[in-house]
Amino acid sequence: MAPATAPSPSVPATRRTSVPEHVERLRGLLAEALEDPARPRTERRRVTDSGLVGRVAAVDVEAPGPLPSFDNSQMDGFAVRAEDLRTQALSAAGESTLPLAGVVPAGAAAPELPPGGVLAVMTGAPIPEGADCVVPVERTTAGRFEQILPAPSAPGAAEDAGDASPAQITFTGLTEDDLQPGRFIRRTGSDVQAGDRVLSVGDVLTPSVLGLLAALGLPDVRIRPRARALVLSTGDEVRQPGSPLHPGQLYDADTPLLIAALESFGVDVQAASATADDVEIFTDVVWALLAEHDPQLLVTAGGISAGAFEVVRQGLASRGVEFGSVAQQPGGPQGWGLIPAQGRQPAVAVICLPGNPVSCAVSLETLVRPALAELDAACPPPHRLTVRLEEAVDSKPGVTQYRRAVFTAPEAEAAASDPEQGQPVPEVRLVGGPSSHLLGHLARADVLLELHEEDTHVEAGAEREALLLTGRTLP
């Protein structure tokens, strides 16, 4: 893809924008890239394929037939005519005896129920014509089928027809409720009717949805393609984990962090690499990878501040990407833009994040996730919750500050055990300070505590909103 310049939807970059403003700005860029008509709109997958949970339906699906597709037994028991048991049972302390006319296993066709007899039916077996209820085997004097039915013959073994009399099945403890029509019968269409919509455009696939499609005999499902991203981190000082470090060097934490976060957002990361602090090398790598992988989204980390070697800003500022500051801490410096469609090459949204791993991670949660979640159902939206501060906290004025915090389990458990408190508000304790180099503190945190511009001092016990971090659970 050749370099190009294009305006991007934004508020003026001359002032520091708010978090909601920047989220809306990113949403507009992502919409243009994700909804480009030049890209495939659907892909067909087998319902037995792995990796379908969390994918998004691309078409409506209607049931081609009912579920269940035939009347079948809900229990291991006996298909009966209620009237054949009712008179005798209700006049004999709930006991009644009828001859066994045969056995209907699951997967076999059912014969017609003869008058005055019963047919043994296994769970899922079709209900014989003439039967109107099923009595569980536990309601017989035998209690189990092993006491009633002979062991299956070995294949090819001869059966002794003899003059054996049919088994007599004695039911006991029957009540009027046991003999109601439809008792323990799963009726045709009682779950799904033919023509019911079982999947709508935009629905997220779950294990039960995939099971339902298979139960309806549908072998395939049409889904939306995943958003595709290219990830680049920068810095001469960056080395791959496992390699030796020389003085002044550090390991690349941004690339694995970006890959993991974007994948948790439902994005397919097609290529990821680190580049040197050389503008020409950086831009050559960008255009080559864009042409090779055709992503919808380019996400970079680092190289966007005011230093002498800010290769992302220097390489992309003249090519449709703007740079400015968002009123949040950490994660203030940001870049955004759209590399427009050219010929057969669709548009690519560009999001440039700070190089510090904590600033990068916070930006992904506070800016990228909410923008993407508005457009793509595969991206889980931010999980916001109300928390109570265990301690007082001071925050920098004029910015939305995100502080790392952990749940304090004893207090949360005490609140949950008090029925008068209703829904408990989890209490949190700060982990470390606001500095953006504290990656270990972020790794231990459960939430990002959100402190707004006016929250220069918040007392202990005050309640504020927080963002639940990926992989964490409520106490």
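How many residues does α1 have, and what distance does α1 reach from its first C-alpha to its last? This tour of a predicted model answers that question at its second stop.

**The whole protein**

Display the full chain as a cartoon. The protein contains 9 helices and 27 strands. Of its 475 residues, 45% count as buried. Among contacts between residues at least 6 apart in sequence, 73% join residues at least 24 apart. Switching to a surface display shows about 22,100 Å² exposed, of which carbon and sulfur atoms supply 52%.

**Helix α1**

Select residues 19-34, which form α1. This helix has 16 residues and reaches 22 Å from its first C-alpha to its last, close to the 22 Å expected at 1.5 Å a residue. Next, show its side chains. The buried residues of α1 are Val19, His22, Val23, Arg25, Leu26, Gly28, Leu29, Leu30, Ala31, Ala33 and Leu34. Two of these, Leu26 and Leu30, lead to the next stop, as they are among the residues with the most contacts inside the largest nonpolar core.

**The largest nonpolar core**

This core has 46 residues. Besides Leu26 and Leu30, select Leu258, Leu262, Phe265, Leu353 and Leu364, which complete the list of residues with the most contacts inside the core. Then colour the elements that each supply at least two core residues: α1, β12 (227-234), α4 (254-264), β15 (267-275), β16 (297-301), β19 (333-339), β20 (348-353) and α7 (357-373). Of these, α7 gives the most, with 10 residues. In soluble globular proteins, nonpolar side chains tend to be buried together.

**Leu353**

Centre the view on Leu353. Leaving aside neighbours within four places in sequence, Leu353 is in contact with Leu258, Val299, Thr300, Ala301, Gly302, Ile304, Gln334, Cys360, Ser363, Leu364 and Val368. Leave Ala301 and Gly302 displayed, since both return at the following stop.

**Thr234**

Move to Thr234, in strand β12. Is Thr234 buried or exposed? Its relative accessibility is 9%, so Thr234 counts as buried, the cut-off being under 20%. Beyond neighbours within four places in sequence, Thr234 is in contact with Thr275, Asp277, Phe282, Ala301, Gly302, Gly303, Val311 and Val312.

**The cavity**

Finish with the enclosed space. The count comes to 1 cavity of 30 Å³ or more, and the largest cavity has a volume of about 50 Å³. To find this cavity, select its lining residues: Arg55, Val56, Arg224, Pro225, Arg226, Gly266, Asp376 and Ala378.

Technical notes
Residues numbered from 1 in each chain as written. Predicted model: local features only at pLDDT ≥ 70, side-chain atom pairs only at ≥ 80, totals over all residues. Heavy atoms only, no water. Core = buried A, V, L, I, M, F, W, Y, C linked by side-chain atoms within 4.5 Å. Buried < 20%, exposed > 50% of the residue type's maximum accessible area, 1.4 Å probe, protein only. Helix = DSSP H or I, 4+ residues; strand = E, 2+ residues; numbered from the N terminus. Contact = heavy atoms within 4.5 Å. Areas by Shrake-Rupley, 256 points an atom, 1.4 Å probe, with all protein chains shown as cover. Expected span 1.5 Å × (residues − 1). 1 Å grid on protein atoms, 1.4 Å probe; cavity = no way out; pocket = protein on both sides within 12 Å on 5 of 7 lines; lining within 4 Å. Points joined across faces, edges and corners; volume = space filled by probe spheres on them.
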